[in-house]
Amino acid sequence: MRVSTVQIFHSGIAQIQRAQSALDRTNLQMTSGKRILTAADDPAGATQALQLNAAVSATEQYQRNSDLALPRLGLEDVQLTSTTNALQRVRELVVAGNNDSYNQDNRQTFAAEIRQLSDVILGYANTKDANGEYLFAGINSKQQPFKVDADGVVSYVGADGSGAVRQVEISSARSLQVGDTGKSVFMDIPEQSGKVLEVVPGLSNTGTAKVESTEIADTEAFALNAKAVLQVHFTDDLGAYEVLQSDSTPLLDSDTGLPVTGTYVEGTPIEFAGRSISLTGSPETNDIFTSRPAPYVSIFDTLDAIATALEAPVTDDVSRERLSDAANTALLNIDSSIDRVSEISASVGVRLNNIDTQTMMNDERLVDLKSTLSDIQDLDYAEAVSRYKLQDVVLQAAQQTYVQTSRLSLFDFL
């Protein structure tokens, strides 16, 4: 076969280029520390590396989620512990206030401290975390969860219901709540005495009448229907009403045996079955107000009620009995509040333990993933250095061969 000068030159240049390319690739591997630079280098290894990198990124995100959840839950635990301590102090004051060895001035002092402790607990309920987000507001973390109206009544305005609390994933199979709503911690305290009432207006009420307050007016009469759900049903626009039982039959007066009826006058409480309801505004025909034992009572209502009872003068057996009854009710609901806060605190503790455990597991997983990833894609520097030197020699040989070959000419032999 005839070999032309052009072919010799092209062959020499191609050999130099191949040697230079191999050397450059090895140099790039050594610079990056990676054996696989493109998928073509090792298709199977590249696929495994891609999957392992995705797993590493996901696990690192789980760790970041844990790092964000940990201080928030830790702060919540501190506030719950502080709330429990404040409630324990209130309990001591209630027991002392119900003791006949203390006079009215002492009870006034106890009441003042209870109101201060109520404000302190309100402060805990409106705590912000390091990011300026309210701890007990749920997903509405930028909005203050507890408000106090002009009458001193505390209400919860934060997130509530399903999805009210932010959830974070700390592993592919585990997620947890980062906090609790203020409603569940401070407001929905199971009422234990059965002597705290609530009045609920009917959904179809058309009048302007609103509930101002409700209380037990006669303990003995109330005891006869303590658990009953009763309705004040207005029969005309002039304020005439009848009191119905849960089966819509009239409630009968225990003394006369007649149905309990009357006419509402604004400013005058409606009294029946030992209960008293104060309304404002004007009811209309078929307006309904339902009186029932409250299933829940807030911490703030409990503290306000006992403080008010301690502030009231004790001048006779009736007022003394009223204070004793109020103290017993308060103690039951304070204990219920402590139990509720302790229950939430235990839940927070479990979540903190879960984060600690999962963090250690994630750390171990990251070590395993990165070790496997390193085995697949990282460069063996000893082998690469040897290969680099060999390829450098090959390149130099190719260059020198090209130089020598390019000098060959028939004119040199003439």
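The exercises below, each with a worked solution, concern a predicted model of one protein chain.

**Exercise 1. Overall composition**

Task: State how many helices and strands the protein chain has, and what share of its residues counts as buried.

Solution:
- Step 1. Begin with the secondary structure: eight helices and 14 strands are found in the protein chain.
- Step 2. Turn to burial: the chain has 414 residues, of which 37% count as buried.
- Step 3. Add the surface: about 23,100 Å² is exposed, and carbon and sulfur atoms supply 52% of this area.
- Step 4. Consider the contacts with a separation of 6 or more: 70% of them are between residues 24 or more positions apart.

**Exercise 2. The sheet of five strands**

Task: Give the strand order of the five-strand sheet, and say whether its pairing is parallel or antiparallel.

Solution:
- Step 1. The order is β6-β13-β8-β9-β10, the sheet is open, and the pairing is antiparallel.
- Step 2. At the edges are β6 (197-201) and β10 (261-263), each of which pairs on one side only.
- Step 3. On average, neighbouring strands in this sheet are turned by 25° against each other, with direction ignored.
- Step 4. Follow the pairs from β6. This strand is joined to β13 (residues 288-293) by five bridges in the antiparallel sense, and Leu197 stands opposite Pro293 of β13.
- Step 5. Strand β13 also pairs with β8, over four bridges and again antiparallel. Here His233 faces Ile288 in β13.
- Step 6. Strand β8 (residues 230-234) pairs in turn with β9 (residues 240-244), antiparallel over four bridges. Across this pair, Gln231 is opposite Leu244 in β9.

**Exercise 3. The sheet of three strands**

Task: Which strands are the edge strands of the open sheet that includes β7 and β11?

Solution:
- Step 1. Write down the order, which is β7-β12-β11, with antiparallel pairing.
- Step 2. The edge strands are β7 (210-216) and β11 (270-272), since each pairs on one side only.
- Step 3. From one strand to the next, the twist averages 20°.
- Step 4. Look at one pair in detail: six bridges connect β7 with β12 (residues 275-280) in the antiparallel sense. Ile216 stands opposite Arg275 in β12.

**Exercise 4. Salt bridges within a helix**

Task: For the salt bridges Glu92 to Arg89 and Arg340 to Glu343, find the helix that holds each pair and describe how exposed the partners are.

Solution:
- Step 1. The structure holds 16 salt bridges.
- Step 2. In the bridge between Glu92 and Arg89, the closest N and O atoms are 3.1 Å apart. Both residues belong to helix α2 (residues 43-97), where they are three residues apart, about one turn of the helix.
- Step 3. Buried means under 20% relative accessible area and exposed means over 50%. Glu92 has 48%, so Glu92 is partly exposed. Arg89 has 32%, so Arg89 is also partly exposed.
- Step 4. Arg340 and Glu343 form a bridge with closest N and O atoms 3.1 Å apart. Their helix is α7 (residues 317-377), and they are three residues apart, about one turn of the helix.
- Step 5. Arg340 has a relative accessibility of 18% and therefore counts as buried. Glu343, with 49%, is partly exposed.

**Exercise 5. A salt bridge between distant parts of the chain**

Task: Where in the chain do Glu133 and Arg166 lie, and which network do they belong to?

Solution:
- Step 1. The two side chains meet in a salt bridge, with a distance of 3.6 Å from N to O.
- Step 2. Glu133 is in the loop between α3 and β1 (146-148), while Arg166 is in the loop between β2 (154-156) and β3 (167-171); the two are 33 residues apart, and the pair links distant parts of the chain.
- Step 3. Glu133 is buried because its relative accessible area is 16%. Arg166, at 34%, counts as partly exposed.
- Step 4. Salt bridges with shared partners join Arg72, Asp129, Glu133 and Arg166 into one network.

**Exercise 6. A buried arginine**

Task: Is Arg107 buried or exposed, and which side chain of opposite charge is nearest?

Solution:
- Step 1. Locate the residue: Arg107 is part of helix α3 (residues 104-125).
- Step 2. Arg107 is buried, and the nearest side chain of opposite charge is that of Asp100, 5.6 Å away.
- Step 3. A salt bridge needs the nitrogen and oxygen atoms within 4 Å. Arg107 has no salt bridge.
- Step 4. Leaving aside neighbours within four places in sequence, the contacts of Arg107 are Gly97, Asn99, Tyr102, Leu310, Val314 and Leu323.

Terms used:
Residues are numbered from 1 along each chain as its sequence is written. This is a predicted model: local features need pLDDT of at least 70, side-chain atom pairs count only at pLDDT 80 or more; totals for chains, interfaces and linings use all residues. Side-chain values use heavy atoms; hydrogens and water are left out. Buried means under 20% relative accessible area, exposed over 50%, partly exposed in between (1.4 Å probe, protein chains only). Lys and Arg count as positive and Asp and Glu as negative; His and the chain ends are not counted. Contact means heavy atoms within 4.5 Å. Two strands pair if DSSP finds at least two bridges between them. Axes are lines fitted to C-alpha atoms, for helices over the stretch in contact, and angles run from 0 to 180 degrees between N-to-C directions. Accessible areas come from the Shrake-Rupley method with a 1.4 Å probe; for residues, only the protein chains shown count as cover.
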